[in-house]
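Dear colleague,

Please find below the structure that I am handing over to you, followed by an account of what was found in it.

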Amino acid sequence: MPFLKNLRGLLLFPAIALLGGCKAVLMSPSGDIAMQQRDLILISTVLMLLVIVPVIVLTFVFAWRYRKANNRSDYDPEWHHSTQLELVIWTVPLLIIIVLGAITWISTHKLDPYRPLDRIDAQRPIPADSQPLVVEVVALDWKWLFIYPEQGIALVNEMAAPVDRPIQFKITASSVMNSFFIPALAGQVYAMPGMQTQLHAVINKPGEFEGVSANYSGAGFSGMHFKFHGLNDGDFDQWVKKVKASGQSLSRDSYLQLEKPSERHPVQRYATVAPDLYDAIVNRCVENNKMCMNDMMAIDAKGGLGKPGTVNTASLDGATRSRLGLDDQPVRSYVGAMCSPGNPLGLPLPATQADTQPI
């Protein structure tokens with residue numbers, strides 16, 4: 001039996017060694033938003049410890065002072081009330097709740113991911129002529145696509161941003177809900193198909209940081225990681241040139257191939273990106289014969305077109321049916337396009353809807 005006890009103690013050493021390799025990135029972030037979130041965690045923890053620590057200490061004090069063997073303590077079996085004790089018991093937690101409530105209300109608005117930044121860090125405000133770097137993020141199965149509309153490039157499982165320049169992330173997903181998270185930069189924000197969420201952040205230190213998916217999304221979830229590079233302005237320009245030198249183009253057709261599920265996808269770079277690809281992804285109309293959600297909602301907002309407006313029917317082409325695994329299913333028709341409200345009847349449709357006729 002003593003041998004088994006010693007063996008259990010030895011088994012703790014591998015666990016301690018594994019914990020020694022953990023990186024406390026949340027407690028030592030490199031971006032101002034993550035830094036403010038770290039401070040919020042510390043402040044909340046300290047406020048709660050104001051109650052927890054005294055309670056733990058007093059538990060041992062009472063157990064020692066009022067033990068059975070201590071005959072010098074006062075014995076008062078009729079004691080039932082103390083005004084001073086009641087004041088402490090109720091006032092201290094009430095004050096902590098008020099302070100936590102105020103901090104929560106302020107930080108909820110100040111750290112709103114949709115709110116544009118008003119500072120680079122605690123000492124520097126955002127310059128008046130500063131423009132954020134826009135990065136369009138798409139959560140795929142099981143990889144991340146980053147589109148830079150200003151630079152006209154795109155990457156899979158890799159992104160970069162200049163140090164001290166505000167970043168505006170526009171985030172969506174291709175299929176299931178996911179969560180975009182760079183712990184060193186800012187908190188997580190959900191990515192949902194057919195919707196766009198946002199995140200404003202800034203990186204204050206150069207380096208290579210880990211990005212992850214923080215929401216389980218299926219078989220390849222564990223490998224859904226990417227690298228985020230914080231670079232100075234010159235290095236960022238060189239990084240953009242390196243991506244442009246790849247020569248690959250992200251067209252709508254190549255996106256549909258990229259969209260197919262894959263695990264531990266390697267870094268891939270695209271020198272050019274199809275115009276409005278991100279908007280088509282958000283509106284679920286990357287395929288040429290599908291009606292965009294924003295067009296559909298615009299029609300609905302005007303009251304709809306009724307049955308007479310649904311004559312522009314279409315069906316999925318063979319390649320799309322094969323990609324979606326519908327080869328053995330009956331061919332179904334759906335509304336391919338409608339005239340947007342306010343457009344003259346007979347106005348030529350965009351190229352993405354060229355296979356249908358306006359009503």
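The span of residues 87-106 is 100% helix and 0% strand, and its end C-alpha atoms lie 28 Å apart. Residues 40-66 are 96% helix and 0% strand, with end C-alpha atoms 39 Å apart. UniProt, in an unreviewed entry, lists residues 40-66 and 87-106 under "transmembrane region"; its positions are given in the numbering used here, feature names are shortened, and annotations may be inferred rather than shown by experiment. Helices (H or I, at least four residues) and strands (E, at least two) are DSSP runs, numbered from the N terminus.

This is a predicted model, in which local features need pLDDT of at least 70 and side-chain atom pairs count only at pLDDT 80 or more, while totals for chains, interfaces and linings use all residues. Residues are numbered from 1 along each chain as its sequence is written, and side-chain values use heavy atoms, with hydrogens and water left out.

The average pLDDT (the predictor's confidence in each residue, from 0 to 100) is 85 for the protein, and 83% of the residues score at least 70. Confidence is lowest in helix α1 (residues 2-20), with a mean of 55, and highest in strand β4 (residues 143-148), at 98. Over residues 351-359 the pLDDT is below 50; this stretch has 26 contacts in the model beyond near neighbours in sequence, a contact meaning heavy atoms within 4.5 Å.

An open sheet of five strands follows the order β6-β12-β11-β8-β9, with mixed pairing; two strands pair if DSSP finds at least two bridges between them. Because β6 (158-162) and β9 (189-191) stand at the edges with a single partner strand each, one side of each has no neighbour in the sheet. Strands β11 (residues 207-213) and β12 (residues 225-231) pair in the antiparallel sense over six bridges. E208 stands opposite H229 in β12.

The largest nonpolar core (buried Ala, Val, Leu, Ile, Met, Phe, Trp, Tyr and Cys residues joined through side-chain atoms within 4.5 Å) has 41 residues, of which Y148, M159, F169, F180, F228 and W239 touch the most other members. Buried means under 20% relative accessible area, exposed over 50%, and partly exposed in between (1.4 Å probe, protein chains only). Leaving aside neighbours within four places in sequence, F169 is in contact with V135, V137, M159, F180, L185, T197, Q198 and L199. Another core, of 20 residues, lies apart from the largest one and includes L258, A274, V286 and C292.

Yours sincerely
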